[in-house]
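Biologist: Could you take me through the sheet in this one, strand by strand, and then show me what packs against it? I'd like one connected tour rather than a list.

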Amino acid sequence: GFSMIELMVALAIVAILAALSLPGYHEAVRRGRRAEARAGLLQASHWLERVATRTGSYLDDEADFPETLKGVPSNSYAIGFEASQAKGSGYTLTATPRGAQVGDRCGGFTIDQAGLRGLASASATEALQAECWNR
């Protein structure tokens, strides 16, 4: 059998290992959700490009944007559509974090009709933008 001291040492080791690995696990989950948001934006962007190819212009009304493209499967990001000022000439898609993803350092993602990728935060640096879009 085990003595009480041996059991306490084993529990302390397990607690230390958990404390060291938990932040890395949470970051990996956040990174996976970011990838899901980027994929959702690209899927919505491709859908809008197909519409523009078929009709000759982009959507000019948010009501025509399908509900199935307004989110991601994990429900960690909401995808919003905004038409450009000039009717039917462009759009901007924004993935806004929800739930546990709200405190993520990358924040929201954006993409427009020209494929220009960015972050929704005006204070985001180019280095952060590149890191968030590429990882």
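Modeller: Sure, and bear in mind that this is a predicted model. Let's start in the middle of things: β2 and β3 are antiparallel partners, joined over four bridges. If you want a spot to click on, go to Thr92, whose bridge partner in β3 is Asp112.

Now step to the other neighbour of β2. β1 and β2 also pair in the antiparallel sense, this time over seven bridges, and Ile79 stands opposite Ala95 in β2. Going the other way, β3 is joined to β4 by three bridges, again antiparallel; there, Thr110 has Gly118 of β4 as its bridge partner.

Put those pairings together and you get an open sheet of four strands in the order β1-β2-β3-β4, with antiparallel pairing. β1 and β4 (117-119) are the edge strands, each with a single partner, so one side of each has no neighbour in the sheet. On average, neighbouring strands are turned by 20 degrees against each other, direction ignored.

What sits on this sheet? Helix α1 lies across β1, β2, β3 and β4, running at about 155 degrees to β2. α2 packs on the sheet too, touching β3 and β4, and its direction makes about 115 degrees with that of β4.

β2 is a nice strand for seeing two sides. Its covered face has Tyr91, Leu93, Ala95 and Pro97, while Thr92, Thr94 and Thr96 make up the uncovered one. So that Thr92 we clicked on earlier belongs to the uncovered face, and Ala95, the residue across from Ile79, belongs to the covered one.

Leu93 and Ala95 turn up again in the largest nonpolar core, which has 23 residues. Along with Leu41, Leu48, Phe65, Phe81 and Phe109, they touch the most other members. At least two core residues come from each of α1 (4-55), β1 (77-83), β2 (91-97), β3 (109-112) and α2 (126-134). The largest share, six residues, is supplied by α1. That fits a broad tendency: in soluble globular proteins, nonpolar side chains tend to be buried together.

One last stop, away from the core list: Glu126, which is in helix α2. Its relative accessible area is 72%, so Glu126 counts as exposed, the cut-off being over 50%. For a sense of distance, Glu126 and Gly56 are 70 residues apart in sequence and 33 Å apart in space, C-alpha to C-alpha.

Terms used:
Residues numbered from 1 in each chain as written. Predicted model: local features only at pLDDT ≥ 70, side-chain atom pairs only at ≥ 80, totals over all residues. Heavy atoms only, no water. Core = buried A, V, L, I, M, F, W, Y, C linked by side-chain atoms within 4.5 Å. Buried < 20%, exposed > 50% of the residue type's maximum accessible area, 1.4 Å probe, protein only. Pairing = 2+ DSSP bridges. Axes fitted to C-alpha atoms, helices over the stretch in contact; angles between N-to-C directions. Contact = heavy atoms within 4.5 Å.
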